[in-house]
Protein chains: 2
Amino acid sequence: MRMSEGVEWALHTCLNLTWLPAGQAVPAAKLAEFYGLPAAYLNKQLQALARAGIVSSTSGPRGGFQLARGPEHITLLDVVVAIEGPEEAFRCDQLLKQGPGADPTVDYRQSCLVSRGMRRADLAWRRELAAQTIADLRADVERAYPATPGNTVNRFAALRA
Amino acid sequence: MRMSEGVEWALHTCLNLTWLPAGQAVPAAKLAEFYGLPAAYLNKQLQALARAGIVSSTSGPRGGFQLARGPEHITLLDVVVAIEGPEEAFRCDQLLKQGPGADPTVDYRQSCLVSRGMRRADLAWRRELAAQTIADLRADVERAYPATPGNTVNRFAALRA
DNA sequence: GGACCACTACTCGGATATCTAATGTCCGAGTGTTGGAGG
DNA sequence: CCTCCAACACTCGGACATTAGATATCCGAGTAGTGGTCC
């Protein structure tokens, strides 16, 4: 049950975008160069964020990506769902349909108590992710590492060369 | 981030084992036949449970698997970890090591605040899984579907034919 | 009749294929810019 | 000098390879039972 590495890329990239001047798009190539990532593949992940309405994309010269809304309105859950999809980690293949006393009309994803127990944990996970926003993360980082915003802006400026 | 289907198989199988007479091993073939699963592959999952000390295995005639300890001492987390492995779902590849101001001596899996946020959710998930035991599930099932224990025993008896 | 022994059938355990999904790459569609030509 | 236009360079978006991991299968090692044989 490994999460796609795109989630890590997306979270750090969203965080970086909060430190860059608003209203200005940054191309995927720059965002990728920042961490030495493959540009085309990061682009693919950013497309997923765009489809989810987390970032907005602009084509052509001076184009790129920027946050589609304020970082205080983007939760970690939003990003994870955008990359990984909305379905829960535990998949119930409705094994009980093959067992004794099975009722074909029942949806065991709802009534199966094993599923119910797993879903309880899944909900706790989602609740915790939804409780944290990109803005929260940014504030935590700025408190612990005050130099990070400046370093980030400088690094991006250097990449323009 | 899809969980292996082996988790569902393992949970339902552990539950079934609680209803069968204790001290008596059940071969993987019977456990698989119960839900129409591929026997060799379920066997593989049961081996993982055995390595984790959740079930004990016996070779030869009259051999098979049985719970290694009381169901009240087997949590959902135990089963998930046995099948999926102990590492958390979010994997931090320490992207920050490629960023500005990176310190090669720092373990960013610990200090990175993105990782920290994701780990918080992961811990909530694990806490919820650890709070539920196989015995709890069994009690829930017996309360909601009193016929299940009998049906299960009968089905296994029929499989001996 | 009892005890020992070899043989058989059964079961787990791990080594080996196959297949799906994540990872990585490439090229085309669209867009803003820019330079030049014409008025 | 200003305006319009056409060519260009840049960027996203999705289609197409490649690779890692999950899924599925198979065969060998070991064990308990069983039947026969010898004492």
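These legends go with close-up views of a predicted model of two protein chains and two DNA strands.

**Notes for every view.** Residues are numbered from 1 along each chain as its sequence is written, chains are lettered from A and ligands numbered from 1 in written order, and side-chain values use heavy atoms, with hydrogens and water left out. In this predicted model, local features need pLDDT of at least 70 and side-chain atom pairs count only at pLDDT 80 or more, while totals for chains, interfaces and linings use all residues.

**View 1. Chain A against chain B.** Here 49 residues of chain A are in contact with 49 residues of chain B (contact means heavy atoms within 4.5 Å). About 4,800 Å² is buried between the two chains, with carbon and sulfur atoms giving 68% of it; buried area is the accessible area (1.4 Å probe) that two parts lose on being put together, summed over both. Look for Met1(A), Arg91(A) and Leu95(A): they supply 17% of the area that chain A buries against chain B, more than any other three residues.

**View 2. Polar contacts and helices at the chain A and chain B interface.** There are 18 residue pairs in polar contact between the chains, both residues at pLDDT 80 or more. A polar contact is a pair of N or O atoms within 3.5 Å; within protein, one must be able to donate a hydrogen and the other to accept it, and residues adjacent in sequence count only if both atoms are side-chain atoms. Salt bridges come to zero across this interface (a side-chain nitrogen of Lys or Arg within 4 Å of a carboxyl oxygen of Asp or Glu). H6(A) gives the most to the side of chain A that touches chain B, 11 residues. Helices (H or I, at least four residues) and strands (E, at least two) are DSSP runs, numbered from the N terminus. By class, that side of chain A has 29 nonpolar, nine polar and 11 charged residues; Ala, Val, Leu, Ile, Met, Phe, Trp, Tyr, Cys and Pro count as nonpolar, Asp, Glu, Lys and Arg as charged, and the others, Gly among them, as polar.

**View 3. The rotation axis.** Chain A lands on chain B after a rotation of 180° with 0.0 Å of shift along the axis, at an RMSD of 0.1 Å, and that is the relation of a two-fold axis. The superposition is by least squares on the C-alpha atoms of residues with pLDDT of at least 70 in both copies. Of chain A's residues, Trp125(A) comes closest to the axis, at 2.5 Å (C-alpha). Both copies use the same surface: 100% of the contact residues of chain A recur in chain B.

**View 4. Around DNA strand D.** Of the 25 residues around this strand, Gln47(A), Ser57(A), Phe65(A), Arg91(A) and Ser4(B) come nearest; a residue is near a strand if one of its heavy atoms lies within 4 Å of it. A polar side-chain atom of Glu5(B) sits 3.0 Å from a phosphate oxygen of the strand, and a polar backbone atom of Gly60(A) is 3.2 Å from a sugar or linking oxygen. H3(A) gives the largest share of the surface near DNA strand D, four residues.

**View 5. Around DNA strand C.** Sugar or phosphate makes up 64% of the atoms of DNA strand C within 4 Å of the protein, and bases the rest. One base nitrogen of the strand lies 3.3 Å from a side-chain N or O atom of Gln47(B). At the phosphates, a side-chain N or O atom of Glu5(A) is 2.9 Å from an oxygen of DNA strand C, and a backbone N or O atom of Ala28(B) is 3.1 Å from a phosphate oxygen.
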